[in-house]
Amino acid sequence: MTFEACVKSVREQKLAGIRYERSGRHHYRDRVTVYRDGKLLFERFCYGEAAGLVFSMWGRGEGENALWDYDSCQVSAKTEAPRTLTGGDETSLEFDGRSAFRWDAADLLRTDAANGYGFFKTLFGK
């Protein structure tokens, strides 16, 4: 499985992107969104009373590698973002050779206006 195959799946389904969320209970809720133009968005949320977005980081998928823009993120935990896509299919992904951490498809995004993928960009975007 490569990021190109993920992007192809997004385009074939005429979606803005597919959001994958790490399965299981951890200290944080992590999710990766693969968009139709090859961009990736990693988001980390905390649990508990102060639940909310901890940080987000953009990147690109090239082959099996996720190339994150570490310079745009000032959080030290940014290096915990997944680096290598080592397996999976359209319904779940596996990163960094850790089969214990599956990333299941959580949302099929028709649009994602909050991140710049509105109706017209999704409809006419390449």
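Asp96 is found in the loop between strand E7 and strand E8, the latter spanning residues 102-109. Please bear in mind throughout that the model we are looking at is predicted. The phi angle of Asp96 is near 55°, a positive value in a residue other than glycine. To see why I mention this, recall that most residues other than glycine have a negative phi. As for its surroundings, Asp96 is partly exposed, because its relative accessible area is 32%, and this class lies between the limits of 20% and 50%.

Asp96 also leads us to the largest pocket. Which residues lie nearest the centre of that pocket? They are Arg22, Glu80, Asp96, Arg98 and Trp103, out of a lining of 16 residues. The space in this pocket comes to about 260 Å³. Sorted by class, its lining holds 7 charged, 6 nonpolar and 3 polar residues.

Let me step back along the chain to the strands before this loop. Strand E6, residues 85-88, pairs with strand E7, residues 92-95, in the antiparallel sense, and 3 bridges connect them. Within this pair, Leu85 faces Phe95 of E7. The link from E6 to E7 is a hairpin of 3 residues.

Ahead of E6 there is another loop, which starts after strand E5, residues 65-68, and Val75 has its place there. Is Val75 buried, partly exposed or exposed? With a relative accessibility of 27%, Val75 counts as partly exposed. Between the C-alpha atoms of Val75 and Asp112 the separation is 24 Å, and the two residues are 37 apart along the chain.

I now turn to the beginning of the chain and to helix H1, residues 3-12. Its buried residues are Phe3, Cys6, Val7, Ser9 and Val10. Why do we say that these residues share one side of H1? They cover an arc of only 155° around the axis, and therefore they lie on the same side of the helix. Lys8 and Glu12, on the other side of H1, are exposed.

Just after H1 comes Lys14, with a positive phi of about 55°. Lys14 belongs to the loop between H1 and strand E1, and its phi is positive although Lys14 is not a glycine. Lys14 is exposed, because its relative accessible area is 64% and the class begins over 50%.

That loop brings us to three strands, which I shall take in order. Strand E1, residues 17-22, runs antiparallel to strand E2, and 5 bridges join them. One pairing to find on the screen is that of Glu21, whose bridge partner in E2 is Arg31. The hairpin of E1 and E2 has 5 residues between the strands, and Gly24 there takes a positive phi near 90°.

Strand E2 itself covers residues 28-35. How many of its 8 residues are buried? The number is 6, so that E2 is mostly covered. On to the next neighbour: E2 is joined by 7 bridges to strand E3, residues 39-46, again in an antiparallel arrangement. Tyr28 stands opposite Cys46 in E3. E2 and E3 also form a hairpin, this one with 3 residues between the strands, and Gly38 in the turn has a positive phi of about 95°.

To close, I return to the two residues other than glycine on which I dwelt. Lys14 has a positive phi of about 55°, and Asp96 has one near 55°. Lys14 is exposed, whereas Asp96 is partly exposed. Thank you for your attention.

Definitions and conventions
Residues numbered from 1 in each chain as written. Predicted model: local features only at pLDDT ≥ 70, side-chain atom pairs only at ≥ 80, totals over all residues. Heavy atoms only, no water. Buried < 20%, exposed > 50% of the residue type's maximum accessible area, 1.4 Å probe, protein only. Helix = DSSP H or I, 4+ residues; strand = E, 2+ residues; numbered from the N terminus. Pairing = 2+ DSSP bridges. Arc of directions from axis to C-beta. 1 Å grid on protein atoms, 1.4 Å probe; cavity = no way out; pocket = protein on both sides within 12 Å on 5 of 7 lines; lining within 4 Å. Points joined across faces, edges and corners; volume = space filled by probe spheres on them. Nonpolar A, V, L, I, M, F, W, Y, C, P; charged D, E, K, R; others polar.
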